[in-house]
Amino acid sequence: MALALKEIEERVLEKIIQSDSDRSACLEKIKDFFTAVRSQSHGTSMVWLSDDEAASERDRLCNLNRAYEANPIMCSTDKDLIKGVTSIDGALLCSIERGCCIGYGVILDGKATEKGRRERGARFNSINTYIK
């Protein structure tokens, strides 16, 4: 079952609250990110991980030619860039602690172990496989 954006926002924000980072600054950065993505005319997939996990996953996927590395893209200063990277096929890979995008055009990999749902499309099925 796909999660509503509001529920996803709540889960990400809950993760931040559990972290030791500067919470108020982090919360604002991530809220800016969700606002920017919400303004897109098409869907956008985002994977939010801790800073170390995000960097490691970005490096792994870049080495497999399944992602593009990005200098940290901040919504507060890079609104046009966010619009550009969300128009590229693939997910955004984001750091929870920094509240920024560090990878784009990410092809989410994962071992398919169960049947997909054709009616939900490639994006849904790829993310569903990736998170399992």
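**Exercise 1. Helix 5 and its partners**

Task: Find which residues of helix 5 are buried, then state what these buried residues pack against.

Solution.
- Step 1. Phe124, Asn125 and Tyr130 are the buried residues of helix 5. The model is a predicted one.
- Step 2. Follow these buried residues outward: they pack against strand 1 and helix 3.
- Step 3. Place the helix in the chain. Helix 5 covers residues 121-131. The protein chain has 5 helices and 4 strands. Read from the N terminus, the order is α-α-β-α-β-α-β-β-α.

**Exercise 2. The second largest pocket**

Task: Describe the volume of the second largest pocket, its lining residues and their chemical character.

Solution.
- Step 1. The second largest pocket holds about 270 Å³ of space.
- Step 2. It is lined by 17 residues, and those closest to its centre are Ser45, Asp89, Gly90, Ala91 and Arg123.
- Step 3. Sort the lining by type: 7 residues are nonpolar, 8 are polar and 2 are charged.
- Step 4. Ask which element contributes the largest share. Helix 5 does, with 4 residues.

**Exercise 3. Ser45 at the pocket**

Task: Locate Ser45, decide whether Ser45 is buried or exposed, and list its contacts beyond four places in sequence.

Solution.
- Step 1. Ser45 sits in the loop between helix 2 and strand 1.
- Step 2. Its relative accessibility is 7%. The cut-off for buried is under 20%, so Ser45 counts as buried.
- Step 3. Leave out residues up to four places away in sequence. Ser45 then touches Ala91, Leu92, Arg123 and Ile127.
- Step 4. Compare with the pocket. Ala91 and Arg123, both touched by Ser45, are among the residues closest to the pocket centre.

**Exercise 4. The aromatic pair**

Task: Count the aromatic pairs, classify the geometry of Tyr68 and Tyr104, and say what parts the pair ties together.

Solution.
- Step 1. The count is 1 aromatic pair.
- Step 2. Tyr68 and Tyr104 have ring centres 5.3 Å apart, with 20 degrees between the planes. Planes under 30 degrees apart count as stacked, so this pair is stacked.
- Step 3. Tyr68 belongs to strand 2 (residues 68-73) and Tyr104 to strand 4 (residues 100-106), so the pair links parts that are 36 residues apart in sequence.
- Step 4. Widen the view around Tyr104. Beyond four places in sequence, Tyr104 touches Ala67, Tyr68, Glu69, Ala70, Val85, Ile88, Ala91 and Leu92.
- Step 5. Add a distance. Tyr104 and Cys62 are 42 residues apart along the chain, and their C-alpha atoms are separated by 9.9 Å.

**Exercise 5. Nonpolar cores**

Task: Name the residues that touch the most other members of the largest nonpolar core, then find the element that gives the most to this core.

Solution.
- Step 1. The largest nonpolar core has 18 residues; Phe33, Met46, Trp48 and Leu92 touch the most other members.
- Step 2. Two or more residues come from each of helix 2 (23-38), strand 1 (46-49), strand 2, helix 4 (79-86), strand 3 (91-95) and strand 4.
- Step 3. Helix 2 gives the most, with 6 residues.
- Step 4. Another core lies apart from this one. It has 14 residues, including Leu49, Ala54, Met74 and Leu93.
- Step 5. Set the cores against the whole chain. Buried residues make up 39% of the 132 residues.

**Exercise 6. Two cysteines and an asparagine**

Task: Decide whether Cys26, Cys100 and Asn65 are buried or exposed, and give the setting of each residue.

Solution.
- Step 1. Cys26 is in helix 2. Its relative accessible area is 2%, so Cys26 is buried. Cys26 and Ile96 are 70 residues apart in sequence, yet 7.7 Å apart in space, C-alpha to C-alpha.
- Step 2. Cys100 is in strand 4. With 0% relative accessible area, Cys100 is buried as well. Beyond four places in sequence, Cys100 touches Phe33, Trp48, Pro72, Ile73, Met74, Leu93, Cys94 and Ser95.
- Step 3. Asn65 lies in the loop between helix 3 (51-63) and strand 2. Its relative accessible area is 70%, so Asn65 is exposed. Its phi is near 55 degrees, a positive value in a residue other than glycine.
- Step 4. Finish with the chain-wide contacts. Among contacts between residues at least 6 apart in sequence, 62% join residues at least 24 apart.

Methods: Residues are numbered from 1 along each chain as its sequence is written. This is a predicted model: local features need pLDDT of at least 70, side-chain atom pairs count only at pLDDT 80 or more; totals for chains, interfaces and linings use all residues. Side-chain values use heavy atoms; hydrogens and water are left out. On a 1 Å grid over the protein atoms alone, a cavity is a set of points where a 1.4 Å probe fits but cannot get out, and a pocket is an open set with protein on both sides within 12 Å along at least five of seven lines; lining residues have an atom within 4 Å of a point. Grid points are joined across faces, edges and corners, and a volume is the space filled by probe spheres set on the points. Ala, Val, Leu, Ile, Met, Phe, Trp, Tyr, Cys and Pro count as nonpolar, Asp, Glu, Lys and Arg as charged, and the others, Gly among them, as polar. Rings of Phe, Tyr and Trp (its six-membered ring) pair if their centres lie within 6.5 Å; planes under 30 degrees apart count as stacked, over 60 as edge-to-face and the rest as tilted. A nonpolar core is a set of buried Ala, Val, Leu, Ile, Met, Phe, Trp, Tyr and Cys residues joined through side-chain atoms within 4.5 Å. Buried means under 20% relative accessible area, exposed over 50%, partly exposed in between (1.4 Å probe, protein chains only). Contact means heavy atoms within 4.5 Å.
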